[in-house]
Amino acid sequence: MTRYNFLLFFSAVLTFVISGCDANNYVDTNMSLSARNWSYENKVKAIVDVKDSSKPLNIYFKLRHTADYRYSNIFILLHIKGGASAKQTKRYEYRLAQPDGQWNGSGSGNLFTYTLPLLTNYKFAAPGKYELEIEQNMRDNPLKEISDVGIKVSEQGK
């Protein structure tokens, strides 16, 4: 490959990567789970670098499961560590299906995807780096038929 072709290829890849970024997202992580099993030890983590603590942020839980997931809900724990404050933990329950069994998530074949709100209009106590950690809090370990989990943090209203 000549130097010119390499530079042209590199420029095209760089343009593609930069155009795919969302400037309003602080964090957007996704963790694929091997064999579609989410165990207690597989916690999804993200670091948020808060520059302006007066700016409200939205924190979301991202989930993807198969149609073979055996429950109509899911319980998770959100842990927030960082800054001068003590570690905070909050438990959430999300309804994933209607009483008739119809999944609430957007479907693509056998997979159903959700972006579920954890904290909206949330202001961190002070500027600094904060670690967000989500773990599954169901009785089953591992929790079967969960293929991906993630965390998204974006500016309020975005």
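**Backbone exceptions, a buried histidine and a four-stranded sheet**

Ala-35 lies in the loop that links β2 (31-32) to β3 (37-38). In this predicted model, the phi angle of Ala-35 is near 55°. That value is positive, and the residue is not a glycine. Most residues other than glycine have a negative phi. Ala-35 has a relative accessibility of 64%. Exposed means over 50%, so Ala-35 counts as exposed.

Glu-145 also has a positive phi, of about 70°, and is likewise not a glycine. Its place is the loop between β11 and β12 (146-155). The relative accessible area of Glu-145 is 18%. Because the limit for a buried residue is under 20%, Glu-145 falls in the buried class. The two residues thus combine positive phi values with opposite surroundings: Ala-35 is exposed, whereas Glu-145 is buried.

A further backbone exception concerns a peptide bond. Most peptide bonds are trans. The bond from Asn-141 to Pro-142 is cis, with omega near 5°. Pro-142 sits in the loop between β10 (128-136) and β11.

Confidence varies along the chain. The mean pLDDT of the protein chain is 86. Values of 70 or more are reached by 83% of its residues. Strand β11 (residues 143-144) has the highest confidence, at 97. Helix α1 (residues 3-19) has the lowest, at a mean of 44. Over residues 4-22, pLDDT stays under 50. For that stretch the model has one contact beyond four places in sequence.

The secondary structure consists of one helix and twelve strands. The helix comes at the start of the pattern, and the strands follow it along the sequence. Four of the strands form an open sheet in the order β4-β10-β6-β7. Pairing within this sheet is antiparallel. Strands β4 (44-50) and β7 (85-95) stand at the edges. Each has a single partner strand, so one side of each is left without a neighbour in the sheet. From one strand to the next, the twist averages 20°. Nine bridges join β6 to β7. Within this antiparallel pair, Ile-74 has Tyr-94 of β7 as its bridge partner.

Strand β6 (residues 73-82) also carries His-79. The relative accessible area of His-79 is 6%. This is under the 20% limit, and His-79 is therefore buried. The side chain of His-79 makes a polar contact of 2.6 Å with the side chain of Glu-135. Beyond its neighbours within four places in sequence, His-79 is in contact with Lys-87, Gln-88 and Thr-89, among others. Its other contacts are Glu-131, Leu-132, Glu-133 and Glu-135. Glu-135 thus appears both in the contact list and as the polar partner of His-79.

Chain-wide totals complete the description. The protein chain has 158 residues, of which 37% are buried. Contacts between residues at least 6 apart in sequence were also examined. Among these contacts, 77% join residues at least 24 apart. The accessible surface of the chain comes to about 9,500 Å². Carbon and sulfur atoms account for 52% of that surface.

Methods: Residues are numbered from 1 along each chain as its sequence is written. This is a predicted model: local features need pLDDT of at least 70, side-chain atom pairs count only at pLDDT 80 or more; totals for chains, interfaces and linings use all residues. Side-chain values use heavy atoms; hydrogens and water are left out. pLDDT is the predictor's confidence in each residue, from 0 to 100. Helices (H or I, at least four residues) and strands (E, at least two) are DSSP runs, numbered from the N terminus. Contact means heavy atoms within 4.5 Å. Buried means under 20% relative accessible area, exposed over 50%, partly exposed in between (1.4 Å probe, protein chains only). A polar contact is a pair of N or O atoms within 3.5 Å; within protein, one must be able to donate a hydrogen and the other to accept it, and residues adjacent in sequence count only if both atoms are side-chain atoms. Two strands pair if DSSP finds at least two bridges between them. Axes are lines fitted to C-alpha atoms, for helices over the stretch in contact, and angles run from 0 to 180 degrees between N-to-C directions. Accessible areas come from the Shrake-Rupley method with a 1.4 Å probe; for residues, only the protein chains shown count as cover.
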